[in-house]
Amino acid sequence: SNSFQTIGEVIRQLREERELPLRIIAAFLDIDTSFFSKIERNERKATKEQIHKLEEIFEVKKDFLMIPYLSEKIYFELLEEDCASQVLKVAEERVKYEKNKSQK
């Protein structure tokens, strides 16, 4: 999959590859079909819990959907910011620092 696909496009592609109807996935997520359809069309945002459930139903590896989901969120948060690249660098350094600290 293209790394610039929207999370909705990735979800729709997985669902279609598995030949699962919208209503089946919607029922699994406990939401109505039209709401799930809007998630696929990027008109609505899925929750983190729903993303984890989708990884389960599609039987993809952990974080297969979480990575595009979170990166899209960050992208839209930083879209208008001139300092976006710097923000990402600092955030990455901080994540590495905190992970190292927690492993000691």
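A pocket is an open set of grid points with protein on both sides within 12 Å along at least five of seven lines, and its lining residues have an atom within 4 Å of a point. I applied this to a predicted model.

**Entry 1: the second largest pocket**

I looked up the second largest pocket and noted a space of about 300 Å³. I listed its lining as I67, L70, S71, I74, Y75, L78, L79, A84, V87, L88 and A91. By class, I recorded ten nonpolar residues, one polar residue and no charged residues in this lining. I then asked which helix gives the most to the lining of this pocket. I found that α5 does, with six residues. I also noted that α5 and α6 each supply at least two residues of the lining.

**Entry 2: helix α5**

I turned to α5 itself, which covers residues 66–78. Its 13 residues, at 1.5 Å a residue, should span 18 Å, and I found its end C-alpha atoms 18 Å apart, so the expected and computed spans agree. Which residues of α5 are buried? I noted M66, P68, Y69, E72 and L78. L78 thus appears among the buried residues of α5 and also in the lining of the second largest pocket. I next looked up what the buried residues of α5 pack against, and recorded α1 (7–17), α4 (48–57) and α6 (84–103).

**Entry 3: the cavity**

I searched for enclosed space and found one cavity of 30 Å³ or more. The volume of the largest cavity is about 40 Å³. I asked which residues line the largest cavity. I listed I7, K45, Y69, E72 and K73. Of these, Y69 and E72 had already been entered as buried residues of α5. I noted that α5 gives the most to this lining, with three residues. By class, I counted two nonpolar residues, no polar residues and three charged residues in the lining of the largest cavity.

**Entry 4: α1 against α3**

I closed with the pair formed by α1 and helix α3, the latter at residues 33–40. Their axes come within 7 Å and cross at roughly 115°. Which residues make the contact? On the α1 side I recorded G8, E9, I11, R12 and R15. On the α3 side I recorded F36, I39 and E40. I divided the residues of this contact by class into three nonpolar, one polar and four charged. I also kept in view that α1 is one of the helices against which the buried residues of α5 pack.

Definitions and conventions
Residues are numbered from 1 along each chain as its sequence is written. This is a predicted model: local features need pLDDT of at least 70, side-chain atom pairs count only at pLDDT 80 or more; totals for chains, interfaces and linings use all residues. Side-chain values use heavy atoms; hydrogens and water are left out. Helices (H or I, at least four residues) and strands (E, at least two) are DSSP runs, numbered from the N terminus. The expected span of a helix is 1.5 Å times one less than its number of residues. Buried means under 20% relative accessible area, exposed over 50%, partly exposed in between (1.4 Å probe, protein chains only). Contact means heavy atoms within 4.5 Å. On a 1 Å grid over the protein atoms alone, a cavity is a set of points where a 1.4 Å probe fits but cannot get out, and a pocket is an open set with protein on both sides within 12 Å along at least five of seven lines; lining residues have an atom within 4 Å of a point. Grid points are joined across faces, edges and corners, and a volume is the space filled by probe spheres set on the points. Ala, Val, Leu, Ile, Met, Phe, Trp, Tyr, Cys and Pro count as nonpolar, Asp, Glu, Lys and Arg as charged, and the others, Gly among them, as polar. Axes are lines fitted to C-alpha atoms, for helices over the stretch in contact, and angles run from 0 to 180 degrees between N-to-C directions.
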